[in-house]
Amino acid sequence: MYAKTQDFETAQQNLAKFAKIISHPVRIAIIQLLAEKKACISGDISKEFPQFNRVTISQHLQELKAFGLIKGEIEGVKVCYCLNESLLAEYQQLMNDFFTQVIQNIDCGDCC
């Protein structure tokens, strides 16, 4: 099924892109880890997830970084990963607005 993105509002498109990027449990775990550490994580972040191979973690980090949810500064052979707090706050607001609107507009009456 092909979705014509121009048929949707910018907020809807952005929300869908965000939902897609966080749709994998490994990506959610990476975001949570970075938030819990409250600092950049230098070096091999895959050591924090021994149940997954290094390539898998690297691919998910690349996806998160390409979207802008995490930042990575290269320092020699090490990379320092941290969250992009302002972008996360922007998407938090977008999600809050979405759910607030949906919940406020629910009126199924007696149909369900």
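In this predicted model, helix α4 is a good place to begin: with 21 residues at 1.5 Å a residue, α4 should span 30 Å, and the C-alpha atoms at its ends are indeed 30 Å apart, so expectation and model agree. Three residues of α4 are buried, namely Leu87, Tyr91 and Leu94. Viewed down the axis of α4, these buried residues fall within an arc of 55°, so they line one face of the helix. The face turned away from that buried side carries the exposed residues Glu85, Ser86, Gln92, Ile103 and Gln104.

Helix α2 can be read in the same way. Its 13 residues, at 1.5 Å each, should span 18 Å, and the end C-alpha atoms of α2 are 18 Å apart, which agrees. The buried residues of α2 are Val26, Arg27, Ile30, Ile31, Leu33 and Leu34. Down the axis of α2, they fall within an arc of 160°, so the buried residues line one face here too. Pro25 and Glu36 are exposed on the face of α2 that is turned away from the buried side. After α2 comes Lys38, a residue with a positive phi, near 55°.

Both of these helices take part in the second largest pocket, which has a volume of about 200 Å³. The elements that give two or more residues to its lining are α2, residues 25–37, and α4, residues 85–105. The biggest contribution is that of α4, with 5 residues. The full lining is made up of Phe18, Ile22, Ile28, Ile31, Gln32, Glu85, Leu88, Ala89, Tyr91 and Gln92. By residue type, this lining divides into 7 nonpolar, 2 polar and 1 charged. Several of its members have already appeared above: Tyr91 is among the buried residues of α4, Glu85 and Gln92 are exposed on the other face of that helix, and Ile31 is buried in α2.

Another lining residue of the second largest pocket, Ile22, sits in the loop between α1, residues 10–21, and α2. How exposed is Ile22? The relative accessible area of Ile22 is 21%, and with buried meaning under 20% and exposed over 50%, Ile22 is therefore classed as partly exposed. Ile22 also offers a link to a distant part of the chain: Ile22 and Leu64 are 42 residues apart in sequence, yet their C-alpha atoms are separated by 8.3 Å.

Leu64 leads on to helix α3, where it is one of the buried residues. The helix covers residues 54–67; at 1.5 Å a residue, these 14 residues should span 20 Å, and the end C-alpha atoms of α3 are 20 Å apart, in agreement. Alongside Leu64, the residues Ile57, His60 and Leu61 are buried in α3. Seen down the axis of α3, the buried residues fall within an arc of 105°, so they line one face of the helix. Val55, Gln62 and Ala66 are exposed on the other side of α3. The two ends of α3 have details of their own. At the N-terminal end, Asn53 acts as a cap, with a side-chain oxygen 3.0 Å from the backbone nitrogen of Val55. Following α3 is Gly68, whose phi is positive, near 100°.

His60 deserves a closer look. This residue of helix α3 has a relative accessible area of 9%, and is therefore buried. Which residue does the side chain of His60 meet in a polar contact? The partner is Arg27, whose side chain is joined to that of His60 by a polar contact of 3.0 Å. Arg27 is itself one of the buried residues of α2, so this contact links buried residues of two helices. His60 and Ile21 also come together from separate stretches of the chain, with their positions 39 residues apart in sequence and 9.3 Å between their C-alpha atoms.Helix α3 is also part of the largest pocket, which holds about 260 Å³ of space. Of the 14 residues that line this pocket, Gly43, Ser58, Leu61, Val79 and Tyr81 are the closest to its centre. Two or more lining residues come from each of α3, β2 (70–75) and β3 (78–83). The largest share, 6 residues, is that of α3. The lining of the largest pocket divides into 6 nonpolar, 5 polar and 3 charged residues.

Note on methods. Residues numbered from 1 in each chain as written. Predicted model: local features only at pLDDT ≥ 70, side-chain atom pairs only at ≥ 80, totals over all residues. Heavy atoms only, no water. Helix = DSSP H or I, 4+ residues; strand = E, 2+ residues; numbered from the N terminus. Expected span 1.5 Å × (residues − 1). Buried < 20%, exposed > 50% of the residue type's maximum accessible area, 1.4 Å probe, protein only. Arc of directions from axis to C-beta. Polar contact = N/O pair within 3.5 Å; in protein donor to acceptor, adjacent residues only side chain to side chain. 1 Å grid on protein atoms, 1.4 Å probe; cavity = no way out; pocket = protein on both sides within 12 Å on 5 of 7 lines; lining within 4 Å. Points joined across faces, edges and corners; volume = space filled by probe spheres on them. Nonpolar A, V, L, I, M, F, W, Y, C, P; charged D, E, K, R; others polar.
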